[in-house]
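Me: I would like a close look at one part of this model. Please keep it brisk and stay with what the coordinates show.

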Amino acid sequence: MSLRNPKQVGEWINREKVINFSFEGEVFTAFEGDTISSALWAAGQKVLGRSFKYHRARGILSLANHDVNILMTDGLDTNIRADVTLVKEGMVLHVVNTIGGVKKDKNRIIDVLSPFLPVGFYYKAFYKPRWLFPYWERLIRNAAGLGITNFNFPRTLKRKLHAHCDVLVIGAGPSGLSAALAAADANVKVIMVDENAQLGGSLTYDQAGNQASTDYLNDLVSKVMQHTNITVYASAYAAGYYADHLIPIVGADGISKVRAKSVIVASGAFEQPPVFRYNDLPGIMLGSAAQRLIHRYATKPFNSGVVVTANDYGYRVALDLLEAGSKVLALVDMRTGSNGGLHAAALVQAGVKIYPAHCVYEALATSDKSSVRAAVICPYDEKNGIALTDSSFTLECDGIAMSAGWAPAAALLYQAGTAMQFDYGVQQFVPAKLPEGIFAAGKVNGVFELAQRMTDGARAANDALRYLGHKFEEIKVEKYLGNSSSQAYLPSHPYPMVAHPKGKNFVDFDEDIQIKDFENAAKEGFDNIELMKRFTTVGMGPSQGKHSNMNAIRLLAKIRHLPVEKIGTTTSRPFFHPTPIGHLAGRSFHPHRHTALHSWHAAQGAVFTDIGAWKRAAYYPQAGQTTEDTIQAEALAVRNKAGIIDGSSFGKVEVHGADAAKFLERFFTGSYASQKVGSCRYLLLLDESGVVVDDGIASRLADDLFYLSIGTSNAALVYREMQRCQQMWQLNIGLVNVTGAFGAINIAGPAAQQILAKVTNIDLAAIPNSSMREALVAGIETRVIRVTFVSDLSYELHMPMQQTPTVWQVLLDAGKQHGIRPFGTDAQRLLRLEMGHYLPGMDTDGLTNPFEIGADWAVKMQKPFFIGQRSLKIIAKKQSKKQLVPFTLAESFRGKLPLECNLVMDGQAIEGRVTSIGFSQFVNRHIGLAYVNPAKKAVGSSFQIRTDNGSLVTATVVQTPFFKTDKGGADAIV
Amino acid sequence: MKLLTCPVNGTRPLSEFIFGGEYRVAPNPDTCTDAEWAAYVHNRQGTPGDKKEWWYHSPSGTWFIAERNTLTDKVSRTYLLSDMHAKVAK
Amino acid sequence: MQLFDVTDVSTFARYGVKGPNAEKWLVGHGVKLPKSANSWVLHNNTLVLRLGSSEFVIEDQTGGVACTQLAEDSKRVTGVYKVPHADAAYLLAGSHATNILSELCELDLSEATLVDNTLGMTQVAGISATLLRQSLAGETIYRIWCDGTYGDYMRHILDEMTEEITA
């Protein structure tokens with residue numbers, strides 16, 4: 001039986017385009033523009049879903065994105081909100097959370113059992129005995145839950161854009177439209193957002209039977225759409241408020257993060273249901289939902305029904321129902337002494353019987369519980385919320401429209417830090433003190449009458465413009481006191497609830513929470529609004545209390561005999577509305593740096609490792625070799641022949657200027673004033689507390705120019721600290737970070753000199769250790785630095801980044817006959833360990849001072865100043881507690897291998913820990929570095945390491961390097 | 001996300017900045033006692049209120065000072081260190 | 001007009017210099033400089049960026065010769081520090097360029113904010129970059145520079161977006 005009306009002005013559906021879809025196996029048709037719910041309702045389908053807890057039949061409640069009992073799946077997609085999702089051709093829809101379909105859901109038995117499931121039942125029932133809990137958990141999880149996640153859901157990119165505006169207007173109802181126009185007319189950039197497909201807010205449905213407002217709306221909307229200063233985001237919602245006016249606007253395709261200079265919140269209000277027994281039956285809906293059905297989708301909410309109201313709004317709804325051709329059997333007004341103002345007369349004239357000071361005591365269901373069948377009406381003691389059932393009567397009907405009041409859609413205002421206060425003049429929380437740059441207008445500001453909302457919008461825009469520095473006269477508005485036509489007018493009723501001994505008078509439709517649940521929760525001591533929320537789960541469902549929190553607050557106030565403002569509200573957090581994870585993810589940004597040799601490494605099949613932002617070659621896999629063998633072979637090539645590694649990721653900094661040496665002396669621990677041009681010195685950086693931060697090498701290119709190379713991972717931090725110190729010290733220097741502009745290649749091993757000699761123009765034999773020359777290598781200007789980090793004989797070659805592939809290839813060619821081999825960072829770590837070098841950050845931690853790692857020699861305490869010096873003076877006076885020592889395990893060692901971070905033990909006492917350990921094929925031992933008691937630092941001392949399985953392994957302190965330093969590779973000494 | 005104003009590059013989202021800790025003046029290392037130095041290095045004044053802080057604008061490499069109320073998280077002004085004494089004098 | 005087009009101009013010659021005497025030195029070499037901090041000027045096919053107040057990047061466009069001339073003077077001068085550049089640089093054009101950049105960058109790209117001849121040192125796709133907008137033959141284009149070692153990453157992102165837009 002179709003409830004669809006003939007074509008009408010302002011409808012959102014396109015009757016030219018028919019859409020076919022199926023619901024629970026049955027085929028339906030709809031018009032383009034229909035939501036799933038409106039299409040099904042028009043086709044006479046009333047059971048659209050099942051409630052979460054008791055599996056009760058549910059139909060349309062709000063038609064405004066809060067019908068969370070009506071969630072559907074369509075193929076891979078799930079938890080589709082049917083009340084607002086447009087129906088699409090070919091949809092195959094099923095209701096989530098049922099066993100055997102929405103009509104015969106087997107879980108509806110829970111509704112019958114509900115008297116045995118009081119509030120808090122789950123908390124109390126299942127925690128003992130503990131061993132049974134997994135069983136209950138599985139059972140409950142199967143019965144509860146919404147939809148089934150399909151892991152085959154395709155990943156579709158949702159873009160996250162940035163947008164900027166002077167004024168962001170949230171909500172395109174009358175006050176929002178008015179505000180946007182007023183702001184845009186002042187020639188500022190305005191963004192307007194509304195969750196509906198079309199602008200207009202309540203003007204698109206609330207007409208009180210008079211279509212004249214349609215013209216007014218069309219005029220407003222066309223002005224907004226044509227205004228060049230206004231950008232409109234429709235079908236999108238402002239999801240949250242973040243500091244300094246950052247508001248993410250979520251649409252179907254992605255998120256726009258709007259940075260606004262000011263924000264006008266004109267987000268309106270959520271209509272609140274009156275509470276009576278069986279107020280959840282399909283056919284019973286909010287008045288505004290009935291109006292939306294009528295005006296947007298040209299669909300009758302019911303054929304013959306009742307309007308129950310606790311404010312004047314119900315009268316407007318009744319007029320709209322009459323206009324749509326629904327029969328209104330009665331208008332039940334829960335108020336004593338109110339008559340509905342202007343609209344009452346029109347209703348009476350149309351033959352509608354008005355029952356003031358009456359209530360719907362309960363609704364009655366059809367035998368299959370699929371719809372409302374009748375309303376039981378009786379006089380109402382408004383003051384005490386009690387129905388006087390002695391003189392009740394029953395009206396057969398197929399629907400009830402209900403209005404009781406509003407709750408402000410103030411989530412963003414709360415998130416922005418607005419102080420809200422309860423205004424008894426409108427029975428609503430309204431903004432009392434707004435944060436800077438935030439303004440409120442319309443219903444969320446407690447203003448309800450149409451003309452007043454328009455004025456309030458313009459007033460808010462004016463406030464925003466003055467905040468932005470425009471010179472306008474302040475628009476002063478006297479406090480809006482409801483509708484001028486009626487003194488008794490209150491948009492919201494203070495307590496629109498009807499007690500019933502048998503309950504099932506629902507406050508929260510998400511979670512099936514009834515009045516008695518609140519009373520019981522309060523009795524058990526959960527009588528604070530935040531505690532009550534957790535215990536009863538009110539407002540914790542998918543609609544997040546949008547239609548239940550206000551009634552919950554009123555209930556608690558009554559239970560505790562307190563005024564509403566003493567109860568307060570629960571905390572509002574982003575997001576305002578469930579936002580898909582895919583939207584939050586957006587595009588993947590994982591910035592990473594490649595050296596100029598990256599494609600060469602990749603072509604060799606290198607396995608890359610992340611070091612800071614860099615991708616570095618860890619090793620080059622060889623066919624038929626294990627990873628471990630490959631790394632050992634790469635390291636052996638360096639010990640026996642020659643190896644080459646891409647070191648382009650090293651931090652590289654030039655320090656120019658007359659005070660360059662002075663700067664280094666202050667910044668690092670060593671002495672640089674005396675450093676000769678062409679020589680290199682060790683760099684050790686401490687923090688103010690004397691803790692080791694990083695190390696590196698300084699090469700002096702000229703009196704007034706040093707070239708620094710620093711480890712990869714700390715380079716950015718060290719450069720930043722150099723910049724900061726220069727800010728404070730104001731020396732005559734210039735810092736140039738050449739990390740990305742310069743590449744570096746390290747060639748190491750006994751054959752390194754022979755190979756390099758073939759392709760350079762200088763005499764390498766004349767370069768001692770720890771010195772630097774500028775030379776041509778393969779014809780390219782290169783800084784050649786002789787260092788001993790991985791091997792006794794090794795050269796770091798620094799040159800412009802783009803030139804590194806040329807030099808690399810020339811070296812490989814020249815070294816081919818010498819057995820040169822590229823090696824990666826894994827072999828490099830092993831090689832430096834064999835040399836006995838510590839790595840800051842690996843072999844040091846946030847407490848390590850230079851004395852503990854044996855770097856005393858690098859610390860020039862007699863200098864006038866360096867960072868950390870004063871602290872070291874204090875530390876030097878104290879007994880050292882730990883010392884980093886090189887150790888080996890016995891050659892015969894087999895068993896559980898100690899790992900990095902395993903503890904060094906002395907009986908039950910912790911003495912230190914292992915910081916580096918590895919097997920060296922060259923040394924033919926497990927070698928490592930560990931912190932031990934200083935008493936045990938002498939070569940030959942032994943200590944014990946506790947492994948992961950608790951076993952103790954004996955280690956012996958040795959000398960470094962771990963091998964004889966004669967060129968050509970010698971046997972290990974221990 | 002918060003905004004912060006770099007005195008050279010203008011107002012930018014916080015993601016472009018790195019926090020550099022509170023701006024503090026070290027006692028004279030040559031004349032202070034060990035206890036005074038240790039207090040400077042290890043102790044921080046945690047009382048919320050107006051603080052001077054180091055901030056670094058990463059894309060441009062600019063260090064500057066922000067005066068921020070750590071209770072309200074409001075930044076009252078930002079300036080280069082070299083301008084600090086001029087500002088304080090006002 | 002095409003929807004989105006990326007031109008890789010990383011190979012353009014660049015010369016960087018900073019320091020208290022950099023401005024004087026460049027003027028002495030006949031380079032026309034932008035007057036205020038964080039701005040740029042295009043003259044004789046050479047683009048000159050002023051980063052902050054005392055750092056400059058000179059980039060020769062097709063036909064520009066300034067970088068070659070500057071590189072010939074290798075003498076070190078007090079207060080003039082050469083800043084070697086190995087930048088990745090891109091020219092973004094097309095009707096969707098602003099939209100695409102608004103995903104990569106939080107800067108307000110509107111003409112009212114990113115005024116002609118100003119440049120922004122900001123983050124693009126999560127990395128530090130220099131950005132400017134330019135009117136070229138009546139069309140709005142953007143230029144971005146980042147460290148060359150981020151070039152593969154930036155290129156990947158831009159290619160991915162080109163593909164999406166033109167698909």
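Which residue in the turn of the hairpin formed by β8(C) and β9(C) has a positive phi, and how many residues lie between the two strands? Please start there and work outwards.

Reply: One caution before the details: this is a predicted model.

Start at the turn. Strands β8(C) and β9(C) form a hairpin, with 2 residues between them. The residue you ask about is A125(C), whose phi is positive, at about 55 degrees.

Now the pairing. β8(C) covers residues 119-124 of chain C, and β9(C) covers residues 127-136. The two strands run antiparallel and are joined by 6 bridges. To find one position in the pairing, look at G120(C), which stands opposite L131(C) of β9(C).

Next, the surroundings of β8(C). Of its 6 residues, 6 are buried, so the strand is largely enclosed by the rest of the structure. In a regular strand, side chains alternate between the two faces of the sheet. Both faces of β8(C) are covered. L119(C), M121(C) and Q123(C) are buried on one side. G120(C), T122(C) and V124(C) are buried on the other.

One neighbour to follow is α3(C), which spans residues 97-104. The buried residues of this helix pack against β8(C), and also against β7, β10 and α4 of chain C. They reach another chain too: β8 of chain A, residues 159-170, is among their partners. Take care with the labels here, as β8 of chain A and β8 of chain C are both on that list. The buried positions in α3(C) are A97(C), I100(C), L101(C), S102(C) and L104(C).

From α3(C), step on to α4(C). This helix has 16 residues, 151-166. From first C-alpha to last, α4(C) reaches 22 Å, close to the 22 Å expected at 1.5 Å a residue. Its buried residues are G151(C), Y153(C), M154(C), I157(C), L158(C) and M161(C). These pack against α3(C) and three strands of chain C: β1 (5-8), β7 (87-93) and β10 (139-147).

So much for the surroundings within chain C. Chain C also touches chain B, in a contact that takes 10 residues from chain C and 9 residues from chain B. On the chain B side, the residues divide into 3 nonpolar, 4 polar and 2 charged.

To inspect the hairpin on screen, begin at A125(C) in the turn. Then find G120(C) opposite L131(C). Finish with α3(C), whose buried residues pack against β8 of chain C.

Methods. Residues numbered from 1 in each chain as written. Chains lettered and ligands numbered in written order. Predicted model: local features only at pLDDT ≥ 70, side-chain atom pairs only at ≥ 80, totals over all residues. Buried ≥ 20, exposed ≤ 12 C-beta atoms within 10 Å, placed from the backbone. Helix = DSSP H or I, 4+ residues; strand = E, 2+ residues; numbered from the N terminus. Pairing = 2+ DSSP bridges. Contact = placed C-beta atoms within 7 Å. Nonpolar A, V, L, I, M, F, W, Y, C, P; charged D, E, K, R; others polar. Expected span 1.5 Å × (residues − 1).
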